[in-house]
Amino acid sequence: MSSDIVKGDTKDEANVVGIKVLEKNGLDVKQLVDMLIYNASVEFAAYYYFTNLRMHCTGFDGESIKGIIEDARMEDLSHFESCLSRIYELGGMLPNDANEFIAMSQTEFLQLPSINKTDVKEIIKKCLKAEQGAIVNWNKVCNVTAGKDPATYDIAKDILREEIEHESWFLELLYGRPSGHMRRKYPGERPHTKKQSRSLNF
Ligand SMILES: [Fe+2]
Ligand SMILES: [Fe+2]
């Protein structure tokens, strides 16, 4: 093999061809890893907060909403799982301190409504804001990796596809805007990211 990208730089440093080809493609790998860790923190925190929000969908109004929030909640768990192996393949790692990981997500807005914790409309507004933020986050990863890093792009575009569906569900609930919503066959079906989060094993 003659290519310089398959030669290690030092005896001690692993020669990671999977990273070197990306650098040759003009990708800022460090920036991408930071984006993926941030996005992972948002997905993880959203999964947590959606759990509590869902529990507070009570009464006649709440009962019909629970299933929709559950579908979105389980798919956020899938989104967290979907980007983990890519972070480590690219030389990154999750923060050692879990508090730091949650804090970087800046998702405090997903805490329960302050005046009435079971205000279903307020809960749906919070869910919508989370989905719209996730669309922006994963669209950024798509833009950075398009034509340069097909492995990460494949993950980001699958997650983005589900986030767009989630947004449309909550838009329909709030504004009556038809979403073409086909209910998931079961919570966690994750039609687009199932192959990216095989560790969930369902
Ligand atoms: Fe998500
Ligand atoms: Fe989502």
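**Figure 1. Six helices and zero strands make up the secondary structure of this protein.** The model shown here is predicted. Walk along the chain from the N terminus and the elements read α-α-α-α-α-α. The C-alpha atoms fit in a box of roughly 70 × 35 × 30 Å, taken along the principal axes.

**Figure 2. Burial and contacts across the protein.** How much of the protein is buried? Of its 202 residues, 35% count as buried. As for who touches whom, take the contacts between residues at least 6 apart in sequence: 71% of these join residues at least 24 apart.

**Figure 3. A look at Glu100, in helix α4.** Helix α4 covers residues 98-105, and Glu100 has its place there. Is Glu100 buried or exposed? Glu100 counts as exposed because it has 11 C-beta neighbours inside 10 Å, and the cut-off for exposed is 12 or fewer. Leu110 makes a handy second landmark: Glu100 and Leu110 sit ten residues apart in sequence, and their C-alpha atoms are 17 Å apart in space.

**Figure 4. Helix α6, from residue 150 to residue 175.** Helix α6 has 26 residues. How far does helix α6 reach from its first C-alpha to its last? The span comes to 36 Å, close to the 38 Å expected at 1.5 Å a residue. If you're picking out faces on a helix, remember that an α-helix has 3.6 residues a turn, so residues three or four places apart point the same way.

**Figure 5. Just past the end of α6, at Gly176.** Gly176 follows α6, and its phi is positive, near 70°.

Conventions:
Residues are numbered from 1 along each chain as its sequence is written. Chains are lettered from A and ligands numbered from 1 in the order in which they are written. This is a predicted model: local features need pLDDT of at least 70, side-chain atom pairs count only at pLDDT 80 or more; totals for chains, interfaces and linings use all residues. Helices (H or I, at least four residues) and strands (E, at least two) are DSSP runs, numbered from the N terminus. A residue is buried if 20 or more other C-beta atoms lie within 10 Å of its own, exposed if 12 or fewer, and partly exposed in between; C-beta atoms are placed from the backbone. Two residues are in contact if their C-beta atoms, placed from the backbone, lie within 7 Å. The expected span of a helix is 1.5 Å times one less than its number of residues.
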